[in-house]
Amino acid sequence: MRNFEFKNPVKIIFGEGQISKLAKEIPTDSRILMTYGGGSIKRNGVYKQAIEALDGYTVFEFGGIEANPDYDTLMKAVEVCKKNNITYILAVGGGSVIDGSKFISAAAFYEGDCWDMVVNRRNIFKAIPLATILTLPATASEMNEGAVISRRELKEKFAFSNPLLFPEFSILDPTVIYSLPKKQIANGIVDTFAHILEQYLTTTDHYMVTDRLAEGILKNLIDLAPNLLSKDELNYNDCANYMLSATLGLNGWTAMGAMQDWATHLIGHELTALTGLDHGETLAIVYPGTMKIMSSEKKGKLLQYASRVWNIVGESDEEMIEEVISKTEKFFNSLGIKTHLSEKDIDKSVIDVIVNRFEDRKINIGEKGIVTPKHIRMILESQY
Ligand code: NZQ
Ligand code: ZN
């Protein structure tokens, strides 16, 4: 196990009907900016619950934060914060609204070019306090310090993080899942699965605790997926267990002492920026490729993943690895998600653009920097 430091200050308020507790958590003299997306919260009753809970507060609103939150939209919200002396941000939505709100909270005090703050992750010394009501379990942004911001004008998408961006609290009411389109549930399952793999599928260096945690969450996702996707009437406990899985998927717990990869996410972000594919869709395409192309480097962990998560018993290591990659890909397909770029009508030329970007940045990615631009080309070509 590797040395590590861990701190996660986010208070989680979990369960049906908990949105009503909102007001207890926010200072009464706050000038709140409530941020949200394209309107799902107005259709499923979450907006009404939040507004009712905030009775007596000074509340401003900023709606219209799009999936893969865009820099230009968010800069408009930064102006709203400055103009109205906002002292608290309440993000009500999925990962995009929460990430966008983290950006707004830091950009409101940032001196200089706010895109530079994202790309070069620098100079964040102050941020507006932030809390969230999560409506889409997937990213775990509700319990981490990261944010991923897109800039459509440049066809770019980057992640940045800072301890000041941890939400103060997040309300997780599993009934918000009832109104989610199946496609978003499927995207969220893939995203959570991929978060765990990024922190798990590396080396076998005695990460006994985090390995078992990770394997447990992966197995839960495999078990829960058919219920969440095939039924029209969702079961509360399925939703609750899925919601908690997604939050634990990237709140730092499964990273403690472990080596981490993240190559698939970095390649996936480029795919979203260049083609508009959903975040979950990119991961379902790239992850099987990462497993195939990096199978020698990840051999020990792939074998552990095969036997402990998928109960695979094979004649040889090679056979087991081939089978587990195929099972993972079929699992993504079983959620209704494609795993090849050509199936999404993506032009092959995007592979050159992505490889060139990584070459220009002069960085290798993955655990120990083992994924070079050459590997990135092979990964994407294997999943064309
Ligand atoms: O905009 P509205 O109308 O709210 O609709 C949203 C959006 O169209 C809808 N939705 C959300 N909750 C709903 C709902 N529809 C009905 N009922 C509900 N309860 O779902 C659509 C997608 O929402 P979005 O927030 O974009 O999805 P997600 O949570 O998957 O977030 C994706 C973003 O998070 C980033 C991704 O890159 C992407 O930009 N990530 C953030 C991470 C982090 N901060 O740690 C880590 C992840 O790896 C990821 O990169
Ligand atoms: Zn993700």
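Contact here means heavy atoms within 4.5 Å. The legends below describe close-up views of a predicted model.

**Figure 1. Surroundings of Ser-150 in strand β6.** Ser-150 belongs to strand β6, which covers residues 146-151. With residues up to four places away in sequence left aside, Ser-150 touches Asn-68, Pro-69, Asp-70, Tyr-71, Trp-115, Glu-156 and Lys-157. Its relative accessibility is 4%, so Ser-150 counts as buried, the limit being under 20%.

**Figure 2. The zinc ion (ligand 2) and its protein donors.** Four side chains supply the donor atoms: Asp-191 through OD, and His-195, His-265 and His-279 each through NE2. These donors lie 1.9 to 2.2 Å from the zinc ion. Along the chain they follow the spacing D-x3-H-x69-H-x13-H. Distant parts of the chain are thereby linked, since Asp-191 sits in helix α7 (residues 182-200) and His-279 in helix α11 (residues 279-293), 88 residues apart. Asp-191 has a relative accessible area of 3% and is therefore buried. His-279, at 16%, is also under the 20% limit and so is buried.

**Figure 3. Helix α7, which carries the zinc donor Asp-191.** The end C-alpha atoms of α7 are 27 Å apart. At 1.5 Å a residue, its 19 residues should span 27 Å, so the two values agree. Helix α7 is mostly covered, with 16 of its 19 residues buried.

**Figure 4. Helix α11 and its kink at Val-286.** Helix α11 has a kink of about 25 degrees at Val-286, shortly before the proline Pro-288. The 15 residues of α11 should span 21 Å at 1.5 Å a residue, and the end C-alpha atoms are 21 Å apart, so the expected span is met. Of the 15 residues in this helix, 13 are buried, and α11 is thus described as mostly covered.

**Figure 5. Thr-290 within helix α11.** Thr-290 is placed in helix α11 and has a relative accessibility of 0%, so it counts as buried. Apart from residues up to four places away in sequence, Thr-290 touches Asp-261, Thr-264, Ser-295, Lys-298 and Ile-379. The C-alpha atoms of Thr-290 and Ala-263 are separated by 8.0 Å, although these residues are 27 positions apart along the chain.

**Figure 6. The largest nonpolar core and the contacts of Phe-103.** This core has 104 residues, and those with the most contacts inside it are Leu-22, Phe-103, Phe-193 and Tyr-305. It lies between domain 1 (11-175) and domain 2 (181-382), because both domains give residues to it. Phe-103 touches Tyr-71, Leu-74, Met-75, Val-78, Cys-114, Met-117, Val-118, Ile-149 and Phe-160, residues up to four places away in sequence not being counted. Another core, of 20 residues, lies apart from the largest one; among its members are Leu-271, Met-294, Leu-341 and Phe-358. In soluble globular proteins, nonpolar side chains tend to be buried together.

**Figure 7. The contact between domain 1 and domain 2.** The domain assignment gives domain 1 as residues 11-175 and domain 2 as residues 181-382. Their C-alpha centres lie 26 Å apart. Across the boundary, 24 residues of domain 1 are in contact with 22 residues of domain 2.

Technical notes. Residues numbered from 1 in each chain as written. Chains lettered and ligands numbered in written order. Predicted model: local features only at pLDDT ≥ 70, side-chain atom pairs only at ≥ 80, totals over all residues. Heavy atoms only, no water. Donors = N, O, S within 2.8 Å, 3.2 Å for Na, K, Ca; no water. Helix = DSSP H or I, 4+ residues; strand = E, 2+ residues; numbered from the N terminus. Buried < 20%, exposed > 50% of the residue type's maximum accessible area, 1.4 Å probe, protein only. Core = buried A, V, L, I, M, F, W, Y, C linked by side-chain atoms within 4.5 Å. Domains from an automatic or database assignment. Expected span 1.5 Å × (residues − 1). Bend = angle between axes of the 7 residues up to and from the residue.
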